[in-house]
Amino acid sequence: MCLSLPVMSGISLTRQFRIVLVTHHLPTFVAIEDRHKGSVLNAAYATELGNYITDSRISAWIYGHSHHPTDLMIGDTHLVSNPLGYFFCGENTNFDDCAAIEV
């Protein structure tokens with residue numbers, strides 16, 4: 001994932017009090033499941049934007065691509081993922097079909 005200049009500019013220039021960003025890929029390697037940490041394939045699933053997130057005004061970042069749930073904070077940004085995963089494999093038994101976040 002690459003945040004394009006227009007997206008980054010828009011985030012820095014907006015006067016909105018709350019900013020929610022939704023992407024497919026994980027915005028930080030911190031969100032990678034422990035069993036996959038250190039894999040050479042991680043760059044296909046995530047981009048390390050931890051420093052950008054810490055210094056940003058983003059309130060919440062919702063993302064997918066991973067098949068395990070995450071709920072963490074980087075700076076003042078709430079990072080969350082609630083994937084169903086491969087249903088036929090019973091991959092994410094913790095999937096919450098009523099999940100919601102407050103922004």
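**Close-up views of a predicted protein chain**

Residues 24 or more positions apart supply 44% of those contacts in the protein chain that have a separation of 6 or more. The model shown in every view is predicted.

**Figure 1. Overview of the protein chain, which contains two helices and four strands.** Read from the N terminus, the elements follow the order α-β-α-β-β-β. The C-alpha atoms occupy a box of roughly 45 × 35 × 20 Å along the principal axes. The radius of gyration of the protein chain is 14 Å, which agrees with the value near 13 Å that a compact globule of 103 residues would have. Of the 103 residues, 34% count as buried. The protein chain exposes about 6800 Å², and carbon and sulfur atoms supply 58% of this area.

**Figure 2. Helix α1 and the position of M8.** Helix α1 spans residues 5-13 and includes M8. M8 has a relative accessibility of 31% and therefore counts as partly exposed, since the partly exposed class lies between the limits of 20% and 50%. The C-alpha atom of M8 is separated by 28 Å from that of S39, a residue 31 positions away along the chain.

**Figure 3. Strands β1 and β2 within a β-α-β unit.** Strand β1, helix α2 (residues 50-55) and strand β2 together make a β-α-β unit that is right-handed. Strand β1 comprises residues 20-23, and β2 comprises residues 60-63. The two strands run parallel and are joined by four bridges. Within this pairing, L21 has W61 of β2 as its bridge partner, and T23 has Y63 of β2. The side chains of β1 alternate between two faces: those of L21 and T23 point to one face and are buried. Those of V20 and V22 point to the other face and are not buried.

**Figure 4. The hairpin formed by strands β3 and β4.** Strand β3 covers residues 70-74, and β4 covers residues 77-81. These strands pair in the antiparallel sense over five bridges. Two residues lie between the strands of the hairpin, and G75 in the turn has a positive phi of about 60°. M73 stands opposite H78 of β4. Along β3 the side chains of T70, L72 and I74 point to one face and are buried. The side chains of D71 and M73 point to the other face and are not buried. M73 thus appears in this view both as the residue opposite H78 and as a member of the face of β3 that is not buried.

**Figure 5. Strand β4 alongside strand β2.** Three bridges join β2 to β4, and the two strands run parallel. In this pairing A60 stands opposite H78 of β4. H78 also stands opposite M73. Strand β2 is in addition joined to β1, by four bridges, and β4 pairs with β3 over five bridges.

**Figure 6. H65 in the loop between β2 and β3.** H65 is not a glycine, yet its phi is positive, at about 70°. With a relative accessibility of 25%, H65 counts as partly exposed.

**Figure 7. P83 in the segment after β4.** P83 is buried because its relative accessible area of 13% falls under the limit of 20%. Leaving aside residues up to four places away in sequence, P83 touches S66, H67, H68, P69, N92 and F95. The C-alpha atoms of P83 and D96 are separated by 8.5 Å, although the two residues lie 13 positions apart along the chain.

**Figure 8. The salt bridge between R35 and E33.** Side chains of opposite charge can pair when their charged atoms come close. Here the side chains of R35 and E33 meet at 3.1 Å, N to O. The structure holds one salt bridge. R35 is exposed, with a relative accessible area of 61%, whereas E33 is partly exposed, with a relative accessible area of 24%.

Notes: Residues are numbered from 1 along each chain as its sequence is written. This is a predicted model: local features need pLDDT of at least 70, side-chain atom pairs count only at pLDDT 80 or more; totals for chains, interfaces and linings use all residues. Side-chain values use heavy atoms; hydrogens and water are left out. Buried means under 20% relative accessible area, exposed over 50%, partly exposed in between (1.4 Å probe, protein chains only). Contact means heavy atoms within 4.5 Å. Two strands pair if DSSP finds at least two bridges between them. A crossover is right-handed if, with the strands pointing away from the viewer, the path from the first strand over the helix to the second runs clockwise. The radius of gyration is taken over C-alpha atoms; the globule rule is 2.2 Å times the number of residues to the power 0.38. Accessible areas come from the Shrake-Rupley method with a 1.4 Å probe; for residues, only the protein chains shown count as cover. A salt bridge is a side-chain nitrogen of Lys or Arg within 4 Å of a carboxyl oxygen of Asp or Glu.
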